[in-house]
Amino acid sequence: MRKLFLMSAAAAALTVGSAYAADLKFTPGEGAFNWESYEALKATQLNGEEVTVFGPWLGPDQENVEAVLAYFAEATGADVKYVGSDSFEQQIVIDAEAGSAPNIAVFPQPGLASDMASRGFLSPLPEGTGDWVKENYAAGQSWVDLGTYTGKDGSDDLYGFFYKVDVKSLVWYIPENFEDAGYEIPQSMEELKALTEQIAADGGTPWCIGLGSGGATGWPATDWVEDMMLRTQAPDVYDKWVSNEIKFTDPAVIGAIEEFGWFARNDAYVAGGAGAVATTDFRDSPKGLFSSPPQCYMHHQASFIPAFFPDGTKVGTDADFFYMPAYEGKDLGKPVLGAGTLWAITKDSPGAQALIKFLQSPIAHEIWMAQKGFLTPYKAVNTDVFSDPTLKKMNDVLLGATTFRFDASDLMPGGVGAGSFWTGMVDYAGGRPAEEVADEIQKSWDSLK
């Protein structure tokens, strides 16, 4: 049995088995009013009931989710089976159409879940789940909105419970470089722009930006534009842009594109000059942070980017990150852009409903937090259980969010979000006017209707 020991707020030990969890004892973080202890969870008896879970995770992440499910299984007596697939998006539709869907499906993108809800393949989550999310998740209303879809009967219900989240609104830097130059971490977008100007005035290059990604070239720029939409417009404007109620040609969207251009189309602000932005591979672009002298001081990218840092880089010491700040003068709070997985009921049963309730207990989050690769907006968790201080710091960004929005390009039709939006941003980085680029993206969207 693989074992993991950590300390909770109550200094209790947690033992997690990758297959069985017969000796689990844990006192979860404060606020666990669904199940305050392992003994309370045992009151939900599901002896012999099979609960099937299908999701996108393989390898280490599969082991991590199985550890969480093992706790639930041992406490309730349910027979829980998880199956992972790298073809989840295609297979879940096939299974649903064939009448062989699992009890719970874990969706990497809300768009597919919304589509399946409209076809009658999802069941609404237990009553009261939405109120719980509003109260207990940071930016709770955002999570309810992201998981609420129109069902086959035309009514709106909460179908998706978000569990395991990723953060994109990050700026990476080298602490030693900042210290040597006397630069401070900016606390607002106004300060971030002032720092950009200061670094350039000092003879340095503020940013490394690369949009190259093979057939997906251009997607890093869409993250920039999405972050800028959230920092220049209210959340409902972002939502209307995602649904195309607000067109790409709207001044709000063009303005966000040009906010990206303020950083990316200035030769003095980007390593290699503005002309290198579109041709630099995103995996290579952060390398300039580590040059001596530095080729750049900052890099905007999601939480996964350390995988492309030089071997041996210790995040938190050799490299670190800060929250990409909002405009102080626009009063839009602290918006966070990201992604995540949502759990939905695809074959209703008492076990399926109990598992969704279990996800509302801190321990369901803390077990995975104590391993690797997990962030949560659940305010009641004990963040001391994080095995990695970098993850704890990222989670603090998530917990500090007043608004959370899913990556817009992932929510748009594939021909736009994974097509014309990408290529349009490459054209824009290459010098084409934002208005022309936006017009072409909108025409591509119109052609899909």
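Let's start just past helix α2, at Gly77, which takes a positive phi of about 85 degrees. Keep in mind that this is a predicted model. The helix before that glycine, α2, runs over residues 59-76, and we can check its length. At 1.5 Å a residue, its 18 residues should span 26 Å, and the end C-alpha atoms are 26 Å apart, so the two agree. Which residues of α2 are buried? Among them are Val65, Val68, Leu69, Tyr71 and Phe72, and the list also has Gln62, Asn64 and Thr76 in it. If you're looking at the spacing, remember that an α-helix has 3.6 residues a turn, so residues three or four places apart point the same way.

For contrast, have a look at Ala43, which sits in the loop between α1 (38-41) and β1 (50-55). Is Ala43 buried or exposed? Its relative accessibility is 63%, and exposed means over 50%, so Ala43 counts as exposed. If you want a sense of scale, go from Ala43 to Gly338: they are 295 residues apart along the chain, and their C-alpha atoms are separated by 36 Å.

Okay, aromatics. How many aromatic pairs do we get? The count comes to 44. Let me pick out a couple. Phe88 and Phe107 have their ring centres 5.4 Å apart and their planes at 85 degrees, so we call that pair edge-to-face. The two partners come from distant parts of the chain: Phe88 is in helix α3 (residues 88-97), Phe107 is in strand β3 (residues 104-107), and 19 residues separate them. Both Phe88 and Phe107 are buried.

The other pair I like is Trp219 with Phe282, again edge-to-face, with 4.9 Å from centre to centre and 70 degrees between the planes. Trp219 belongs to helix α9, while Phe282 is in the loop between α11 (251-264) and β8, so this pair ties together parts that are 63 residues apart in sequence. On burial, Trp219 has a relative accessible area of 15%, so it is buried. Phe282 is buried too, with a relative accessible area of 7%.

There's also an aromatic cluster to find on your screen. Its members are Trp132, Tyr137, Trp143, Phe161, Phe162, Tyr378, Phe404 and Phe406. And rings here have charges over them as well. The charged end of Lys193 sits over the ring of Trp262, 4.9 Å from the ring centre. Likewise, the charged end of Lys393 is over the ring of Phe321, 4.7 Å from its centre.

Now for the empty space. Rolling a probe the size of a water molecule over the atoms shows where empty space is left. Searching the whole structure turns up 4 cavities of 30 Å³ or more, and the largest cavity has a volume of about 60 Å³. Who lines that cavity? Phe282, from the pair we just saw, is one of the lining residues, and others include Cys208, Trp224, His299 and His300. Two elements, α9 (219-232) and β8 (299-300), give two or more residues to this lining, and α9 has the largest share, with 3 residues. By class, the lining has 6 nonpolar, 5 polar and 1 charged residues.

Next, the pockets. The largest pocket holds about 760 Å³ of space. It has 29 lining residues, and the closest to its centre are Lys164, Val165, Asp166, Ser303 and Phe304. Three elements, β6 (161-167), β10 (335-345) and α14 (389-399), each give two or more residues. Which element gives the most? That's β6, with 4 residues. The lining of the largest pocket divides into 16 nonpolar, 6 polar and 7 charged residues.

The second largest pocket has a volume of about 550 Å³. Of its 22 lining residues, Ser114, Asp145, Tyr149, Val242 and Leu411 lie nearest the centre. At least two residues each come from α4 (110-118), α6 (140-147), β4 (148-150), α10 (235-242) and β11 (403-406). The largest share of that lining is from α4, at 5 residues. By class, the second largest pocket has 9 nonpolar, 7 polar and 6 charged residues in its lining.

That's my tour; over to you for questions.

Notes. Residues numbered from 1 in each chain as written. Predicted model: local features only at pLDDT ≥ 70, side-chain atom pairs only at ≥ 80, totals over all residues. Heavy atoms only, no water. 1 Å grid on protein atoms, 1.4 Å probe; cavity = no way out; pocket = protein on both sides within 12 Å on 5 of 7 lines; lining within 4 Å. Points joined across faces, edges and corners; volume = space filled by probe spheres on them. Nonpolar A, V, L, I, M, F, W, Y, C, P; charged D, E, K, R; others polar. Phe/Tyr/Trp six-rings, centres within 6.5 Å; stacked < 30°, edge-to-face > 60°. Buried < 20%, exposed > 50% of the residue type's maximum accessible area, 1.4 Å probe, protein only. Lys NZ or Arg CZ within 6 Å of the ring centre and 35° of its normal. Expected span 1.5 Å × (residues − 1).
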